[in-house]
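Visitor: Could you walk me through this model? I'd like to ask questions as we go.

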Amino acid sequence: MDSEIGGFATVAHKVLSDILLAMKIIALAALSLDGYMTRHDDEGNSFTSGVEKEFFARVLNTFNCSVFGSATFDAAREQILAAPPARRLRLVLTTRPEAYAPVHKHGFLEFAAGPPREIAEKLRERGKARCALLGGTRVFTDFLEAGLIDEFWISFEPVFFGSGKRLLEGRLDRALELLGIEDLGGSVLVAKYRVPGNLSAL
Ligand SMILES: NC(=O)c1ccc[n+]([C@@H]2O[C@H](COP(=O)([O-])OP(=O)(O)OC[C@H]3O[C@@H](n4cnc5c(N)ncnc54)[C@H](OP(=O)(O)O)[C@@H]3O)[C@@H](O)[C@H]2O)c1
């Protein structure tokens with residue numbers, strides 16, 4: 001009987017730890033209505049409206065890490081370095097971490113390389129269970145293809161660009177489920193989608 005109780009406690013403990021350790025990765029992006037993340041060849045998010053910037057800043061505070069590519073970092077570098085240190089870890093993906101050594105700050109702003117699953121596993125091991133994935137194209141595509149994205153939160157700005165960087169690249173065929181729509185005002189909508197069948201509870 002005692003051993004049965006002991007066994008049950010072990011299983012319950014394992015289930016609880018798995019739940020606690022499960023990781024949630026949410027991709028956040030702002031797009032033109034025709035699906036571009038940048039206006040033509042302009043780097044950065046200067047096209048996004050004030051309400052979207054407020055939304056982005058507000059929701060980012062609910063994450064304990066954010067992950068993005070080096071080109072996205074370069075485009076926002078001055079802004080990121082000038083901002084007060086965020087409570088969340090910012091992890092910049094790059095094959096050239098040495099190029100960013102002068103601005104590396106352990107626990108706050110880190111630079112690393114690796115396949116998405118390895119990156120996610122390391123973050124989870126460090127207790128970074130709620131992660132905002134901020135792009136760009138390759139980062140979104142690689143994490144989606146690795147089955148690691150739980151949700152996409154997409155802000156639709158009421159503009160058409162006709163050219164620019166795409167949210168994703170390659171030949172994909174994925175269906176999402178709508179979780180809800182938030183009207184930010186100023187004709188800006190945020191649509192939240194679940195990605196069925198992801199594997200991020202690693
Ligand atoms: N509107 C939006 O929501 C939104 C979102 C994101 C970005 N953007 C904009 O899009 C532009 C940047 O996007 P992008 O698609 O060109 O680039 P990106 O994804 O930000 O950066 C790509 C680079 O990151 C590094 N990288 C990516 N994954 C890696 C991995 N697993 N391991 C090691 N290195 C990795 C590689 O560079 P190295 O190895 O050479 O460093 C790669 O060339 C910027 O203008 C940004 O402002 C807009």
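Guide: To begin with the naming, helices (H or I, at least four residues) and strands (E, at least two) are DSSP runs, numbered from the N terminus. Residues are numbered from 1 along each chain as its sequence is written. This is a predicted model, in which local features need pLDDT of at least 70 and side-chain atom pairs count only at pLDDT 80 or more, while totals for chains, interfaces and linings use all residues.

Visitor: Okay, where does glycine 136 lie?
Guide: Glycine 136 is found in the loop between β5 and α5, and the peptide bond that leads to glycine 136 from glycine 135 is cis, with omega near 5 degrees.

Visitor: And which residues are closest to the ligand?
Guide: The closest are Gly69, Ala71, Thr94, Gly135 and Gly136, out of 27 residues that surround the ligand; a residue is near a molecule if its C-beta atom, placed from the backbone, lies within 6 Å of it. Two or more residues of this shell come from each of β1 (24-32), β2 (65-69), α3 (70-82) and α5 (137-145).

Visitor: Switching topic, in what order do the strands of the sheet come?
Guide: The eight strands form an open sheet with mixed pairing, in the order β4-β3-β2-β5-β1-β6-β8-β7, where two strands pair if DSSP finds at least two bridges between them. Because β4 (109-112) and β7 stand at the edges with a single partner strand each, one side of each has no neighbour in the sheet.

Visitor: So what is the sense of the pairing between β7 and β8?
Guide: Strand β7 and strand β8 (residues 188-194) pair in the antiparallel sense over seven bridges, and aspartate 183 has leucine 189 in β8 as its bridge partner. By contrast, β2 pairs with strand β5 (residues 130-133) in the parallel sense, over three bridges.

Visitor: How many residues of β7 are buried?
Guide: The count is zero among the nine residues of β7 (residues 177-185); a residue is buried if 20 or more other C-beta atoms lie within 10 Å of its own, exposed if 12 or fewer, and partly exposed in between, with C-beta atoms placed from the backbone.

Visitor: What about histidine 40, is it exposed or buried, and why?
Guide: Histidine 40 counts as exposed because it has 11 C-beta neighbours inside 10 Å. Histidine 40 lies in the loop between β1 and α2 (50-60), and it has a positive phi of about 55 degrees although it is not a glycine.
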